[in-house]
Amino acid sequence: MSGIALAVIGGTGVYRLAALADVETREVDTRFGKPSGPIRIGHLLGQKVAFLARHGEGHSVPPHQVNYRANLAALKDIGATRVLALNTVGGITERFGPRVLACPDQIIDYTWGRISTICEEPGSEVLHVDFGDPYTPLLRHKIVAAARVTGVKLVDGGCYGATQGPRLETKAEIARMRRDGCDLVGMTGMPEAGLARELGLDYACLAIVANWAAGCGTGEEITMAEVLANVEAASAGLPELIGELARG
Ligand code: HPA
C-alpha cells in the first residue's frame with residue numbers, strides 16, 4: 001500500500017485517532033515479528049494517515065517490551081516514510097508543565113536491555129547512523145509550522161530523557177536528569193528514534209506533558225488518573241495539527 005502521507009504512533013492515553021474516517025485495519029507481520037497491534041489506516045482532513053498504538057489498543061505492552069523494530073518496520077512495510085511519534089511524558093523544567101505540547105530536538109537515553117538496532121541479523125551490515133539530531137529536522141520544522149497554522153500551542157525544542165520504566169522515577173533520578181539537561185522524561189522515546197533512523201524513516205516526536213516529573217512542580221504524587229486526564233485535555237487540537245502536518 002502506498003500514498004500514506006503520515007504514520008502516527010500513539011502513546012499512553014492515545015489509543016486511537018477518533019477523527020480518522022473510512023478506517024481500514026491491517027494486521028501486519030514483519031521480519032522482526034508482530035507490531036503492538038493492528039494498523040488503522042484512514043483519512044484525516046483528506047490525507048491518508050496510518051495509526052498504531054505503541055502499547056497496544058488496550059495498553060497491554062509495557063515500555064521495555066514494546067517491539068519497537070516491528071512497529072516501525074510494519075509502518076514502513078505499508079508504505080509510510082514519515083512517522084509522528086506521540087509520547088506521553090513528565091515535565092522536568094519550567095516551560096514543560098502539565099498539558100503542554102512540545103516538539104523536542106534532543107534525546108538522552110537512560111534505557112537498558114532493549115533491542116536498539118536492526119543490525120543484529122547474521123551477516124547484516126553494521127550501520128553507524130548519524131544521530132546528532134535524533135529527530136528529522138525537516139519533519140520537526142513541519143510540526144512546528146503545522147501547530148502555528150492550526151493555532152495549537154507548542155513548545156519548539158527541549159531534551160527528552162528516555163527511562164526504562166514501567167515504574168516512574170525517583171526524585172533523585174529526576175534531579176540527575178535535570179542536571180544532565182533533560183526537560184522531559186518518558187519511557188518510549190528510545191530505542192524508537194534510533195531505530196527509525198536506521199530504517200531510513202523520517203521521524204519526530206510530539207510530546208504530551210501529562211504531569212510534573214517526580215519532585216518537580218508542586219511535587220505531588222503522580223496518579224494514572226491525572227496522566228490520562230491531562231493527555232486528553234492536551235490532545236484536543238491534535239486532529240487538526242496532524243491533518244495539517246499530513247498535508248505538507
Ligand atoms: N516519567 C516517565 N514517563 C512518563 C511520566 C513520568 O513522569 N509521565 C508520563 N510518562
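Colleague: Which element gives the largest share of the second largest pocket's lining?
Modeller: α5, with three residues. A pocket here is an open set of points on a 1 Å grid over the protein atoms alone, where a 1.4 Å probe fits, with protein on both sides within 12 Å along at least five of seven lines; lining residues have an atom within 4 Å of a point. Helices (H or I, at least four residues) and strands (E, at least two) are DSSP runs, numbered from the N terminus.

Colleague: Any caveats on the model?
Modeller: It is predicted: local features need pLDDT of at least 70, side-chain atom pairs count only at pLDDT 80 or more, and totals for chains, interfaces and linings use all residues. Residues are numbered from 1 along each chain as its sequence is written, and side-chain values use heavy atoms, with hydrogens and water left out.

Colleague: How much space lies in that second largest pocket?
Modeller: About 250 Å³, as the space filled by probe spheres set on the points, which are joined across faces, edges and corners. It has 14 lining residues, and G13, V14, R16, A18 and S235 are the closest to its centre. α5 and α6 (238-247) are the elements that give two or more residues to this lining.

Colleague: What classes are in that lining?
Modeller: Ten nonpolar, two polar and two charged. Asp, Glu, Lys and Arg count as charged; Ala, Val, Leu, Ile, Met, Phe, Trp, Tyr, Cys and Pro as nonpolar; the others, Gly among them, as polar.

Colleague: OK, the ligand. Where does it sit?
Modeller: In the largest pocket, meaning more than half of its atoms lie within 2 Å of the pocket's grid points.

Colleague: How much space lies in that one?
Modeller: About 400 Å³. Of its 26 lining residues, T12, T88, P166, L168 and M187 are the closest to the centre. The lining divides into 13 nonpolar, eleven polar and two charged residues.

Colleague: And which residues surround the ligand?
Modeller: T88, V89, G90, L168, E169, V185, G186, M187 and N211, each with a heavy atom within 4 Å. The largest share of that shell, three residues, comes from β5. β5 (82-91) and β10 (184-186) each supply at least two shell residues.

Colleague: What does E169 do there?
Modeller: An N or O atom in its side chain is 2.7 Å from a ligand nitrogen. Pairs of N or O atoms within 3.5 Å count as polar contacts. Polar backbone atoms join in: T88 has one 3.3 Å from a ligand nitrogen, and G90 has one at 3.4 Å.

Colleague: How much of the ligand's accessible area does the protein cover?
Modeller: 93% of the 260 Å² that the ligand has on its own, by the Shrake-Rupley method with a 1.4 Å probe.

Note on methods
Polar contact = N/O pair within 3.5 Å; in protein donor to acceptor, adjacent residues only side chain to side chain.
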